[in-house]
Amino acid sequence: MAFSFNFDIPLQTEETNDKNDKAKDVHLTCSEASATVSKIKDAVEHQLLLDPLSHIENWVPETITIGALPPLLCLNESVFEKTASEREDSEEILAKTLTQNSDLISGVYEGGLKIWECTYDLLEYIDDAGETFAGKRVLDLGCGAGLLGILALKRGATKVDFQDYNSTVIEQLTMPNVFLNCEEDDENEEKNSSPPSKRKALNASEKLLDCCGFFSGDWNSFLILMQNKTPSPKYDIICTSETIYNTDYYSSLHNVFCDLLDENGIVYLSTKSHYFGVGGGLHLFEKFVEQNNVFQIRYLKDVEQGLKRHVVSLTFKK
């Protein structure tokens, strides 16, 4: 897959006040840090439509199969791009990405309409490691198509929240993909009863309302929104892929991990070693994490073909 980025970003780093803080004491430090960073895009919690596919024309599903993982359905990327002009898009990101021939426009569109290579790397690692998600609370951060969160749902997660920078991505891609997979699960469970299509849609929507949340906006705003919930959520697992390309975002991403990850939780992060033309990558992010002295990074999987890629985990230092 070709990469086209539309900005150059300098490195910014930020340290916590006390490098010897325990994990349970980190949340205050992270919250205070997030308040000093200006918001880019206000967070929004999106309400699920009865049938998110009903307002989308010319959609074509495709099936992604990896190892022993359950099949994952998603809207075909090529068809989605070709029919972009027909879709609702209050942010106008679909037109901008086409006219500027860019897969990413900083502060405008953060690449959520594409499924990037590292998402497949993380799915393959989950298959190899046998992570089941059963009974877990999961956040798919920078979710894009939502494949990681969808897998968590299929493997027994009790709660999955999906977050992406752009509302268009959530409404036009993430929600339909999640709905498509839940509807298929309902059909498999009810093969003999063959309920009417409207009933299938209602079943899938009710299932999603019970166990899913959908959010857009920048990470600082998203964190504030989640902190204002009663109770504020804590996730057992945070999955995030291709989210450390921009060094300007490291502080806000780190703050989300600090404040929303459960004390005994784990972050699964898949990324490239370096993002050419952008400046970010695993080694710079690893340095940032080490300077803050909150998380321990462990390498889980290395991919050598093409641009070097990695899957790593982050857990609170004890």
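This tour goes through a predicted model, moving from its cysteines to a pair of packed helices.

Begin by selecting Cys211 and Cys212 and displaying their sulfur atoms. The cysteine sulfur closest to that of Cys212 belongs to Cys211, and the two lie 4.0 Å apart, which is too far for a bond, given that a disulfide requires the sulfur atoms to be within 2.5 Å. By this rule the model contains 0 disulfides. While Cys212 is still selected, note that its relative accessibility is 9%, so that Cys212 counts as buried. Move next to Cys239, which at 0% relative accessibility also counts as buried.

Now select residues 219-227, helix α8, together with residues 250-260, helix α9, and draw their axes, which come within 9 Å of each other and cross at roughly 20°. The two helices are therefore roughly parallel to each other, and α8 passes α9 in a left-handed crossing.

Which residues bring the two helices into contact? On the α8 side, show Trp219, Asn220, Phe222, Leu223, Met226 and Gln227, and on the α9 side show Ser252, Leu253, Asn255, Val256, Asp259 and Leu260, since these are the residues that meet. Coloured by character, the residues of this contact divide into 7 nonpolar, 4 polar and 1 charged.

Finish by keeping α9 alone and colouring it by accessibility: this helix is mostly covered, with 11 of its 11 residues buried. The buried residues include Tyr250 and Ser251 as well as His254, Phe257 and Cys258, and among them too are Leu253, Val256 and Leu260, which also take part in the contact with α8.

Note on methods:
Residues numbered from 1 in each chain as written. Predicted model: local features only at pLDDT ≥ 70, side-chain atom pairs only at ≥ 80, totals over all residues. Heavy atoms only, no water. Buried < 20%, exposed > 50% of the residue type's maximum accessible area, 1.4 Å probe, protein only. Axes fitted to C-alpha atoms, helices over the stretch in contact; angles between N-to-C directions. Helix = DSSP H or I, 4+ residues; strand = E, 2+ residues; numbered from the N terminus. Parallel < 35°, antiparallel > 145°, perpendicular 65-115°, else oblique. Left-handed = near helix turned anticlockwise from the far one by under 90°. Contact = heavy atoms within 4.5 Å. Nonpolar A, V, L, I, M, F, W, Y, C, P; charged D, E, K, R; others polar.
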